[in-house]
Structure formats: C-alpha cells, structure tokens
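This report walks through a few local features of one protein chain. Start with the sequence and the model shown here.

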Amino acid sequence: KVTGVQTCALPISSSVIQTVPGLEDNVRITLEAKVRNTPSMTDKITQVIVPKLKAMQLSAGGERVEFEEKVFPCYVMVEMVLNEETWEFVRSTAYVVQFVGRDRARRSRAGGVVGGRGLVQPQPLSESEVRRIFDQISVGSSIVSQELKIQAGDFVRVRQGNLAGHE
C-alpha cells in the first residue's frame, strides 16, 4: 500500500498496466515513490500491487524451497482515480509499457487506420474481476501449504498440465 494516502471522494478503480518483463517489482517501487513525492497524487493512486502467490519447489538437495511466483508476469495492478492526469503520471513511470484496455488506433487524414498499435485507453477492472484475482491468489497459496505424503517410488498419475495422463 502507498503510505500517506488520504481518503478521496472520487471513484477509485483497479487498472492494469503492462511492464517490461521481469521488472514488475521495480515498477511498483518506483510508482509508490513517485506517489509519495507528489502530494497531488497521494489521494488519487492508493495502491500498487504485483499479484503473487506462494509456490514451492524441491532444490537439488531434495529440500523444499518456498518462493513467490507472479500470477500475471509483466502486469501490475494499480488502484487509482482514472483520469488524464493519473493516466499520464503512471504511463511516464520507468518500465511501464502501457495500460491494458481498448486500443485507440491512430487514424490517417483519409480516416484509415495507420499501421502499428495506437494509444491504449485504460479499461478498469470490474469488482468481480478483482475479486476473482484475489480469490485465485488465496486458493493458490493454500494449495502450496498442503503437505504431500508421497515418497520416491510411489505411483503417481499426473492429472493436469503438460504431462497430464502420464504415470
């Protein structure tokens, strides 16, 4: 959460921004710092989230290692008042590629679409989409915490994923 946030009477919605691959946490840290250093934004951008869930893998030595895995690599959620000022503020942050939303394609003088991707108009997430994302994170984290009682040599059938059907 961005610290020093004041309550705001304007409607706050959750938007998603696309980032440079692997730099989601850098975008979160940079954007939170920009908000703290810009008094006019503290009540307009309230939270910056990189959705993650806890995962576990076995190390080479057979020990279980817990780590955080990004649910949506290359994407960051931002709770904000969506207007031209906040849109430009977020877009100008280092390593932000664009907002997720509708494409406002560039038009030629003749009215045709000019090659390349146009400017993206942000499309806020609905409440049900936000709830579904956080439900997915909480379910994923609880699955990791379950204890598996299998040992080397046990019969295992893969039911989902790339190896589904293998034994």
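## A buried threonine, two cores and a surface patch

Thr86 sits in helix 2, which spans residues 84-91. The model is a predicted one. Is Thr86 buried or exposed? Its relative accessibility is 0%, so Thr86 counts as buried; the cut-off for buried is under 20%. The side chain of Thr86 has a polar partner: the backbone oxygen of Val81, at 2.6 Å. Val81 also appears among the residues that Thr86 touches, together with Met41, Lys44, Ile45 and Met80. That list leaves out residues up to four places away in sequence.

**Nonpolar cores**

In soluble globular proteins, nonpolar side chains tend to be buried together. Here, the largest nonpolar core has 16 residues. Which of them have the most contacts inside this core? They are Ile17, Ile45, Val76, Val78 and Val90. Helix 1 (24-36), strand 2 (45-49), strand 5 (75-81), helix 2 and strand 6 (96-99) each give two or more residues to this core. Apart from this core lies another, of eight residues. Ile49, Leu53, Met77 and Ile137 are among its members.

Ile17 deserves a separate look. Beyond its neighbours within four places in sequence, Ile17 is in contact with Val27, Cys74, Tyr75, Val76, Val78, Val90, Val96, Gln98 and Phe99.

**Positive phi angles**

One of the contacts of Ile17 is Cys74. Cys74 is not a glycine, yet its phi is positive, at about 80°. Tyr95 is also a residue other than glycine with a positive phi, near 70°. The table places both residues.

| Residue | Phi | Location |
|---|---|---|
| Cys74 | about 80° | loop between strand 4 (64-70) and strand 5 |
| Tyr95 | near 70° | loop between helix 2 and strand 6 |

**A nonpolar patch at the surface**

Tyr95 has a second role in this account. Which residues make the nonpolar surface patch of about 250 Å²? Val20, Tyr95 and Val97 make it. Val97 belongs to strand 6, whereas Tyr95 lies in the loop between helix 2 and strand 6. How exposed are these two? Tyr95 has a relative accessible area of 44%, so it is partly exposed. Val97 is partly exposed as well, because its relative accessible area is 47%. Partly exposed covers the range between the buried limit of 20% and the exposed limit of 50%.

Conventions. Residues are numbered from 1 along each chain as its sequence is written. Side-chain values use heavy atoms; hydrogens and water are left out. Helices (H or I, at least four residues) and strands (E, at least two) are DSSP runs, numbered from the N terminus. Buried means under 20% relative accessible area, exposed over 50%, partly exposed in between (1.4 Å probe, protein chains only). A polar contact is a pair of N or O atoms within 3.5 Å; within protein, one must be able to donate a hydrogen and the other to accept it, and residues adjacent in sequence count only if both atoms are side-chain atoms. Contact means heavy atoms within 4.5 Å. A nonpolar core is a set of buried Ala, Val, Leu, Ile, Met, Phe, Trp, Tyr and Cys residues joined through side-chain atoms within 4.5 Å. Patches are made of residues with over 30% relative accessible area and no salt bridge: like charges are joined within 9 Å, nonpolar side chains (Val, Leu, Ile, Met, Phe, Trp, Tyr) within 5 Å. Accessible areas come from the Shrake-Rupley method with a 1.4 Å probe; for residues, only the protein chains shown count as cover. A salt bridge is a side-chain nitrogen of Lys or Arg within 4 Å of a carboxyl oxygen of Asp or Glu.
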